[in-house]
Amino acid sequence: MRILVVEDDNKTADYTARGFSEAGHVCDVIVDGQDALFQAMRTSYDVLVMDRMVPNLDGLSVVKALRAANVKTPVLFLTSIGGVDDRVEGLEAGGDDYLVKPFAFSELLARVNALSRRPPVQDQKTVLAVADLELDLVKRRVTRRGQPIDLQPREFTLLEILMRNEGRVLTRTMLLERVWDLHFDPKTSVVETHMSRLRAKIDRPFDTPLLHTVRNTGYSLHAPH
Amino acid sequence: MLRTSLFRSTPFRLALGFGTLFVSAFLAMGFVAYQLMRAELTAELDKSAREIWAIVAATDTDRELEDIVAAVDTYSRLSKREDRIFVLLDPSGRRLAGNFSKPPTSSGLSLLSAEDAGVDGNANYRVVSGKVNDNWLSIGLSLAETDRLALIALKSMGWALAIVTVTAFALSAMLAARIRKRLDSIADTMVDVSNGKLGARIPLTGNGDDIDAVSSQVNSALERLAALVEGMRQVSSDIAHDLKTPLNRLKMTIDTAIGKNDKGKPVTDELAEARVESDRINETFDALLRIAQIEAGARKSRFAAIDLGEVVGSMAEIYTDVADDDRKSLVVKGSLSNLHAISGDRELLVQMFANLIENAIRHCPEGTRIAISAANLGNLVVTEISDNGPGIPPAERDKVFQRLYRTEKSRTTPGSGLGLALVRAVVDLHGAALTLDDNRPGLKVRIEFPVRA
């Protein structure tokens, strides 16, 4: 995957670039906003990781300009502005995701992976399946090995998102945003609680687990290798 | 400091303007009064002249010339020539009687100067002339008395004008100086404030006039400003204090790691610890920034109609299992439907309720029952989050909403001490009122939201 990182802080830029390279991606780093706009128009990237505050042209304007020029490359905003309005501003400008500094690299990687392989919007599958687990979006029904499983509405949403991202790592914060619409980090174990309940229902009665905890990062649902 | 001269000050210019206007009005009024008086006096004189002419003319009966000649002569003798003039001419123009000789040739009223009449002095005369049978009778009354009266009137008006002018301008200057003094006191106060004396206030006269009203507005703005600055100062020192401790801890952890590393021992534990500590510092910073942003109020532009029942319901749904896992229970009390809409920001309200519920979950012992409710109450929508845990002592209830404040009991549990400060900021942004009550036992957090207009 080819990633453009726009970041004016050397240390952060090195840290992200090295991380992406180790994860097997090709990564370009640009410091200046105007250069970034030029480079992003000229080269086809899979994902742009954009700092909001860069010299010459701020990240928000770069993305607005790109979207105006019909460049649809997914953009993830990286910023130290952790304010409540900034996320909305970033998404309104045409960003696809938003991550506040300081961040764990595993979080950034998980989000970039999710962005680059985001299924097309017109994906209208009504039955999702992972191994012997099936989720029917229309009938709101979940079965494993043909046995019906009774899920709470929130557990159903959680499972749906995990299944749509089969094999990908979803971090705690990604889940909080997508399942619970919580854009802050709760002090209590909201994710863990619901994850353990979901696991009790879809995995425990069966011999092969599908739901896996990825240490220090998040969760992933996939068939046994 | 910059101070304008008295003559350029607004009150003085205003006073000068009003003074001039007043004096001009007085002049116009005087002119009209003088003209009216003159006209009235002249009319009176004309009336007398006609009357005397009529009386003299009436003596000419049965075509006896002697009677009218005698009457004219008697009148002439009885009056001074400066005051009244009489003449009777025969058809050939010869004087039959009287004290002057050149009457006007037209009949009716006319104005005749002493010179034209052939008399001494410089008075003017109002003369009535007319034919009596074939003879010409002219009778004139001097305008000297009228002129004298008019002069007296003119003089008194002049004096009045002088007095009015002096009074108007003196009063104006006095008023101007007074207003000027009050404006100066406002300016002085502002200079004090800009020099850092935030406690300075504009002195009020207490008479409730417009300057007082503006001054008290400025004073209350200064009050808020002082409170804000005090808040900022408080926060800065709190940050300095509360972040210094974890920063020092971080440094010590790193020092330990360096020491161990030098001896060739593994430093994995120290690194993990350093990460936790730096995360905590970041978290505190983030929370402070968020609160500052909420307090700045920019978020208000995104307010929409919110159904608190829906918000409270989904919070209960999220946290019921979390409380359960912690061996506490979270229940919704009463119905959450048919609530009035309020005006608000859903995301902030969600975070507010989350903070309150998490606070209850984290600070209460196992077995605690947490109840959450929302109901209409007149023009308000009231939400309550109550528990039967240990509660907060009354003395600490106000303080828990301050940034970085932690009760003695909670110092050892994790948390930034900013959760309730954020709650307070969200409550204030929504114009809601928050009270902490004793739930006997436990804590009841009651928030009253105004219904959306």
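Trainee: In chain B, what percentage of the contacts with a separation of 6 or more is between residues 24 or more positions apart?

Mentor: This is a predicted model, in which local features need pLDDT of at least 70 and side-chain atom pairs count only at pLDDT 80 or more, while totals for chains, interfaces and linings use all residues. Residues are numbered from 1 along each chain as its sequence is written, with chains lettered from A and ligands numbered from 1 in the order in which they are written. Two residues are in contact if their C-beta atoms, placed from the backbone, lie within 7 Å. Of the chain B contacts with a separation of 6 or more, the share from residues 24 or more positions apart is 62%.

Trainee: What percentage of the residues of chain B count as buried?

Mentor: A residue is buried if 20 or more other C-beta atoms, placed from the backbone, lie within 10 Å of its own, exposed if 12 or fewer, and partly exposed in between. Among the 453 residues of chain B, the buried share is 27%.

Trainee: Which helix gives the most residues to the largest nonpolar core?

Mentor: A nonpolar core is a set of buried Ala, Val, Leu, Ile, Met, Phe, Trp, Tyr and Cys residues joined through C-beta atoms within 7 Å. The largest one has 77 residues, and B:Leu308 and B:Phe353 are among those that touch the most other members. Helices (H or I, at least four residues) and strands (E, at least two) are DSSP runs, numbered from the N terminus. Ten residues of this core come from residues 346-363 of chain B, helix α8.

Trainee: Which domains of chain B does this core lie between?

Mentor: Domain bounds come from an automatic or database domain assignment. Two domains of chain B both give residues to the core, so it lies between domain 2 (214-295) and domain 3 (301-450).

Trainee: How many Å apart are the end C-alpha atoms of α6(B)?

Mentor: The expected span of a helix is 1.5 Å times one less than its number of residues. For the 29 residues of α6(B) this gives 42 Å, which agrees with the distance between the end C-alpha atoms, 42 Å.

Trainee: Which element gives the largest share of the side of chain B that touches chain A?

Mentor: In chain B, 22 residues are in contact with 18 residues of chain A. The elements of chain B giving two or more residues to that side are α6 (268-296), α7 (308-325) and α8. The largest share, eight residues, comes from α8(B).
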